[in-house]
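Student: Could you take me through the charged side-chain pairs of this model in some detail, and then say something about its cysteines? I would like one connected account rather than a list.

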Amino acid sequence: QSYGGYWLLLAQSYYDNGDFSQCLDAIRTCEGMNTRIFRKDYQLAKVLPSVISAAEAIYTGAEYADVATHYTQMLLDNTDHNDWALRYYAAQVYIDLFAQTDDASHLKTAYDIILDNVNYLVGEQQSLNAAYLAPVQKTTVPKDATKGEKKQIENANKALEEIRKTELPPVCEPLRLN
């Protein structure tokens, strides 16, 4: 693991132990190392919600808004669209910042993040819809199956058909949440 990984682990450990100022010091040290090799640092993105929460515990007002904005943008810069949960968290931070500062740009940023999440997650819902609308996928009975195995597979296929008659369409929970 790289030195940056060490500082990320240290920052997370400090946060987990309630030492919020040390958590922030560790992440600042990690930032100062500038060990970036790839475009996105997914390990950093996983630690940043803890860093933002630590900042909220220590700072107030404009100071918190500055720190939270910095680390939330860093979170967005280090996530992809499939990291919808982290991006959702970032949107929630911006909504909280709007509530604290009354700065409408935070609300606009939160809206844009959620819109991107929804646009990504619509594809997930469409996949679920296609699977629901497709015929039931029955298990084929192998030629060398015993009588008991054949009966078991047939009963499983009948059960799948019965379930399909009464089941509701699936809902992509992340999409509903966003």
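**Salt bridges and cysteines**

Tutor: E173 is a good place to begin: with a relative accessible area of 42%, E173 is partly exposed, and in this predicted model its side chain meets that of R176 in a salt bridge, at 2.8 Å from N to O. R176, the partner, is exposed, its relative accessible area being 58%. Both residues belong to helix α8, which covers residues 173-177, and they stand three residues apart, about one turn of the helix. This pair is one of the seven salt bridges that the structure holds.

Another of these pairs is found in helix α7 (residues 147-166), where E162 and K165 are again placed three residues apart, about one turn of the helix. Their closest N and O atoms are 3.1 Å apart, and the two residues form a salt bridge. On the acidic side, E162 is partly exposed, with a relative accessible area of 47%, while on the basic side K165 is exposed, at 62%.

A further pair lies in helix α2, made up of residues 20-33, in which D25 and R28 are three residues apart and so are separated by about one helical turn. Here the closest N and O atoms are 3.3 Å apart, and D25 forms a salt bridge with R28; that distance is counted as a salt bridge because the cut-off between the side-chain nitrogen and the carboxyl oxygen is 4 Å. As for the surroundings of this pair, D25 is partly exposed, with a relative accessible area of 37%, and R28 is likewise partly exposed, with a value of 36%.

Turning to the cysteines, the structure holds zero disulfides. C30, for instance, is in no disulfide, since the nearest cysteine sulfur, belonging to C23, is 11 Å away, whereas the two sulfur atoms of a disulfide have to lie within 2.5 Å. A disulfide is, after all, a covalent bond between the sulfur atoms of two cysteines. C30 is also buried, with a relative accessible area of 12%, and C172 is buried as well, its relative accessible area being 7%.

Taken together, the picture is one of charged pairs set about one turn apart within helix α8, helix α7 and helix α2, in a structure that holds zero disulfides.

Note on methods. Residues numbered from 1 in each chain as written. Predicted model: local features only at pLDDT ≥ 70, side-chain atom pairs only at ≥ 80, totals over all residues. Heavy atoms only, no water. Helix = DSSP H or I, 4+ residues; strand = E, 2+ residues; numbered from the N terminus. Buried < 20%, exposed > 50% of the residue type's maximum accessible area, 1.4 Å probe, protein only.
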